[in-house]
Amino acid sequence: MKKRDICVVGLGYVGLPLVVEFGKHGPAMGFDTDERRIAELQKGIDANGELPKREIRQSKIRFTKDPSDIGSRNFVIVCVPTPIDRHKIPDLSHLESASELVGKHMAKGTIVVFESTVYPGVTEEICAPILERASGLTCGRDFKIGYSPERVNPADKEHTIPNIVKVVSGMDKATLNEVARVYSAIVKAGVYKAPSIKTAEAAKVIENIQRDLNIALMNELSLIFERLNLKTSEVLDAAATKWNFHRYYPGLVGGHCIGVDPYYLTHKALELGYHPRVILAGREINDNMSRHVVALAVRGLNQAGKVLKKSKALVMGVTFKENVADTRNSKIGDVITELKASGIKTVAFDPLLEGQEVHLGAPLLTEFDRVGKGYDVVVVGTPHQAFKRISLRTLKERMKRKPVIVDIREFYEREQAEKLGMTYFSL
Ligand SMILES: NC(=O)c1ccc[n+]([C@@H]2O[C@H](COP(=O)([O-])OP(=O)(O)OC[C@H]3O[C@@H](n4cnc5c(N)ncnc54)[C@H](O)[C@@H]3O)[C@@H](O)[C@H]2O)c1
């Protein structure tokens, strides 16, 4: 059996934990085009805050910014971003440039596995031809390709790479078996051999589409129940007593996966002449929830007889997900934009963003002591664990008379807020 030397290309939320896992089992290499990221990783620092220094240092990884190093490895895994552009069209530029770079430097006999989330067909129809062109080699004869989607969940310490089944695929049976063998070394939970690369690509994208749609349904229910003067969580609690009812929660869908990946499949579907209605309807509902959050804040202020232009809002928790220091594509940014568009003076507070330069269109404070007083409305956005230290009573002390709280995910207790004389809204 051929010895496989690993190189992971793209060391972000997906690539770094992966190379570290391989590094625990033998020498591995991590390559990134971001020189600052490489310099930090060489010191054991993960600016994303996902991995501690000790873990990075313990693994036997060579971090490099020199693409010619890729040529010394015969198993290359590509984990670069796959965002959408402002028209919500898949942006494959990172994947294309990474394929070009790998192609230029890879040696004969290499297996290239892609982990980035894509629509079915990208690995074989877009990446493989670039690898061939850049290397002058022939795919299937001189090198092989595979696809293995990533399921890591930032800040989740339970569902880590060794503990979750990994879907693997390859362009032929021998490649599939080889890819399965390599990943089996690090995935205790085992690998699932998908019958084709396109099947594995489709499986990943629909995992996120299903989650997006489940949340969209809860969001739509919350819009209906609000008109019926019903509390969504109370209805869901009652319904969840049925054996086959699945409990999901309404909320904002941001970040670079759930709110983005559906557009990859819908783009491909449209290209094939099929207009996806359900998937896009879910996207539209989820994308518009920020406006609803602000509508609740405005209603509360109106009920309190306050003038919007003289009102002040505090938005707590602005990252796209709780306990994660990442604001990319956070829908709380839209909440801030809408609050300001309504004339409400807005201040953001997020203790997780200490030391980060983030542009939210509102002053960002990272220490609660500096938040000050005089707020008319508090929007509890992303419910970080760190907020457990801030009681409702403390919040009320920072607010003016007739305080309004829009607690998107019901972090605080409605009953307690109402007892304190606050007007309380949630989704
Ligand atoms: N973050 C998640 O939770 C998650 C989960 C599952 C799947 N995914 C998917 O995995 C892929 C990577 O996501 P991520 O969150 O790790 O992205 P990220 O932005 O955190 O990291 C990507 C890294 O790739 C580097 N990079 C960009 N272009 C490069 C190139 N041409 N060559 C080498 N390096 C390059 C960047 O400098 C960056 O360090 C995406 O397709 C994403 O959809 C992400």
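Select Asp85 first: in this predicted model, Asp85 sits in the loop that connects strand 4 (75–78) with helix 4 (93–105). Because only 12 or fewer C-beta neighbours within 10 Å make a residue exposed, Asp85, with 10 C-beta neighbours inside 10 Å, counts as exposed. Add Ser99 to the selection; 14 residues along the chain separate Asp85 from Ser99, and their C-alpha atoms are 20 Å apart.

Remain in the loop between strand 4 and helix 4 and select Lys88, which is also placed there. Lys88 is partly exposed, having 17 other C-beta atoms within 10 Å. Its backbone deserves inspection: Lys88 is not a glycine, yet has a positive phi of about 65 degrees. Most residues other than glycine have a negative phi.

Now display the whole protein. The assignment divides the protein into domain 1 (6–200), domain 2 (207–284) and domain 3 (288–425). Colour domain 1 and domain 3; their centres, taken over C-alpha atoms, are 38 Å apart. A cartoon view shows 14 helices and 14 strands in the protein. With a radius of gyration of 24 Å, close to the 22 Å that the globule rule gives for 427 residues, the protein is as compact as a globular protein of that length. Along the principal axes, its C-alpha atoms fill a box of roughly 75 × 50 × 40 Å. Of the 427 residues, 46% count as buried. Among contacts with a separation of 6 or more, 72% come from residues 24 or more positions apart.

Next, select strands 9 to 14. In what order do the strands of this open sheet lie? Across its 6 strands the order is 11-10-9-12-13-14, and the pairing is parallel. At the edges are strand 11 (364–365) and strand 14 (423–425), each of which pairs on one side only. Zoom in on strand 13 (residues 399–407), which runs parallel to strand 14 and is joined to strand 14 by 3 bridges. Select Val406 to find one bridge partner, Phe425 in strand 14.

Bring helix 11 (289–303) into view. Helix 11 lies across strand 9, strand 12, strand 13 and strand 14, and runs at about 155 degrees to strand 13.

Move to helix 12 (residues 332–341) and show the side chains. Which residues of helix 12 are buried? They are Ile332, Gly333, Val335, Ile336 and Leu339. Looking down the axis of helix 12, one finds these buried residues within an arc of 160 degrees, so they line one face of the helix. An α-helix has 3.6 residues a turn, so residues three or four places apart point the same way. The buried residues of helix 12 pack against helix 11, strand 9 (312–316), strand 10 (345–349) and strand 12 (375–380). Just after helix 12, select Gly343, which takes a positive phi of about 90 degrees.

End the tour at Glu410, in the loop between strand 13 and helix 14 (414–419). Glu410 has a positive phi of about 55 degrees and is not a glycine. Is Glu410 buried or partly exposed? With 18 other C-beta atoms within 10 Å, Glu410 is partly exposed, because a residue is buried if 20 or more lie within that distance.

Technical notes. Residues are numbered from 1 along each chain as its sequence is written. This is a predicted model: local features need pLDDT of at least 70, side-chain atom pairs count only at pLDDT 80 or more; totals for chains, interfaces and linings use all residues. Helices (H or I, at least four residues) and strands (E, at least two) are DSSP runs, numbered from the N terminus. The arc is that of the directions from the helix axis to the C-beta atoms. Two residues are in contact if their C-beta atoms, placed from the backbone, lie within 7 Å. Two strands pair if DSSP finds at least two bridges between them. Axes are lines fitted to C-alpha atoms, for helices over the stretch in contact, and angles run from 0 to 180 degrees between N-to-C directions. Domain bounds come from an automatic or database domain assignment. The radius of gyration is taken over C-alpha atoms; the globule rule is 2.2 Å times the number of residues to the power 0.38.
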